[in-house]
Amino acid sequence: MGFVVAVVGATGAVGREMLKTLEERNFPIDRLVPMASPRSAGSKLPFRGQEVTVVATTPEAFKGVQVALFSAGAAAAREFGPIAAAAGAVVIDNSSAWRTDADCPLVVPEVNPEMIGMRPKGIIANPNCSTIQLLVALKPLHDAAKLRHIVVSTYQATSGKGHAAVEDLKQQTRAWAAGEAIKPTVFPGQMAFNLLSDWKAATTPEAEGYSEEELKMVFETKKIMGDQSIEVSPTCVRVPVVNGHSESVHAKFSRHLSVDEAKSLLRKAPGVLLDERPYAPGQHPQPIEASGRDEVFVGRIRRDFADPHALNLWVVGDNLRKGAALNAVQIAEHVIRTL
Ligand code: A2P
């Protein structure tokens, strides 16, 4: 038996990845309804060797839909999420619209699958890409030695900002190589051969100087882990990478956790690929390796010279897959078991 599944934002970077993931994982689908803005209505997308026709996102389009995967931005999620839920669909939304709502679970299936069934609004939120890969790597260590404080610096790929952002990076790179002036169209400055923090500023006075992206990592870590005592100190940076986020992580635990114990926990952790190569130049997880892969790559596990309760790690994941589309589809796989 299959289900009626909608993908809202199907023409976008994550939406396309959702279609690919549904296809690859052989998700039981009787009818697929790809939706986007009215601009894209009538356009075609490949799915299971055929072409499917995109429809405009309207209340009527959700009739009969049982599972609706959203990746169309927060405004569309706020408008159409409740409409889809009222029409009977379980909504899994990739935007930030519902993540802070106490009635919407925020789920990483490897970390808190038990929250999937607790959805009074019929809406489940998919976390931020950087938080997902961080917690897939840290949850097994937290279960063993209880996390106290995470210092994380991100190296985030341009695909996380959408399809148009990747095109901007490519165009800037071509202009740079040709010796022409760089004219950013999506980024707030030069992205090629440069680093940028390109997220909006946080607005709360106690978070002065932080970006919204950084605050998401703080809030979402506590909510997903179900532990308000875990402190997070993030710095988020965009790097001129097409796809695949990297993170430098300093994790402080409640007890001594040796490198060997951490490795043995991560070796059997769901969703983790432990990179055990001894460090050498170029021998470590890289975005070009993790891109296109489902696993979160964890490597360079090192003791901290100053603190026996802390470890340093390097964590790399495909932000469009595990950071977005795959995580949402995994949630949907749990959901359909109970429909
Ligand atoms: P469209 O392609 O018609 O603009 P990305 O994150 O790569 O920029 O993609 C965003 C996705 O969200 C696209 O599929 C886009 O459709 C869709 N989208 C944007 N705004 C809306 C809206 N108001 N209603 C439905 N879909 C939307």
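Okay, let's start with one pair of strands: β7, residues 90–93, pairs with β8 in the parallel sense, over three bridges. If you want a spot to look at, V91 sits opposite I123 of β8. Keep in mind that this is a predicted model.

Now zoom out from that pair. β7 and β8 belong to an open sheet of six strands, and the order runs β5-β2-β1-β6-β7-β8, with parallel pairing. At the edges you'll find β5, residues 55–56, and β8, residues 123–125, and each of those pairs on one side only. There's a helix lying across this sheet too: α1, residues 13–24, lies across β1, β2 and β6, and runs at about 155° to β1.

Next, the ligand. Which residues are closest to the ligand? They're T11, A13, S37, R39 and S40, out of 15 residues that surround the ligand. Three of these have a polar side-chain atom worth pointing at. For T11, that atom lies 2.5 Å from a ligand oxygen. S37 has a side-chain N or O atom that is also 2.5 Å from an oxygen atom of the ligand. And for S40, the distance from a polar side-chain atom to a ligand oxygen is 2.4 Å.

Moving along the chain, we get a neat little hairpin. Strands β3 and β4 form it, with two residues between them, and R48 in the turn has a positive phi of about 50°. The two strands pair in the antiparallel sense over four bridges, and P46 stands opposite E51 in β4. Which side chains of β3 are buried, and which are not? They alternate: L45 and F47 point to one face and are buried, while K44 and P46 point to the other face and are not.

Then there's F80, in helix α2, residues 74–86. Buried or exposed? F80 has a relative accessible area of 10%, and anything under 20% counts as buried, so F80 is buried. Leaving aside neighbours within four places in sequence, F80 is in contact with T57, T58, P59, F62 and F70.

Okay, second sheet. This one is also open and has six strands, in the order β10-β9-β11-β14-β13-β12, but here the pairing is mixed. β10 and β12 stand at the edges with a single partner strand each, so one side of each has no neighbour in the sheet. On average, neighbouring strands here are turned by 25° against each other, ignoring direction. At the β12 end, β12 pairs with β13, residues 296–303, in the parallel sense over three bridges, and V272 has V296 in β13 as its bridge partner.

Helices lie across this sheet as well. α3 lies across β9, β11, β12, β13 and β14, at about 30° to β11. α6, residues 259–267, lies across β12, β13 and β14, and runs at about 170° to β13.

Last stop is helix α5, residues 212–225. How far apart are its end C-alpha atoms? They're 20 Å apart, and that agrees with what we'd expect, because 14 residues at 1.5 Å a residue should span 20 Å. Several residues of α5 are buried, among them M217, V218, I224 and M225. The buried residues of this helix pack against α3, β9, β10 and β11. And just after α5 comes G226, with a positive phi of about 65°.

Conventions: Residues numbered from 1 in each chain as written. Predicted model: local features only at pLDDT ≥ 70, side-chain atom pairs only at ≥ 80, totals over all residues. Heavy atoms only, no water. Pairing = 2+ DSSP bridges. Contact = heavy atoms within 4.5 Å. Axes fitted to C-alpha atoms, helices over the stretch in contact; angles between N-to-C directions. Expected span 1.5 Å × (residues − 1). Buried < 20%, exposed > 50% of the residue type's maximum accessible area, 1.4 Å probe, protein only. Near = heavy atom within 4 Å. Polar contact = N/O pair within 3.5 Å; in protein donor to acceptor, adjacent residues only side chain to side chain.
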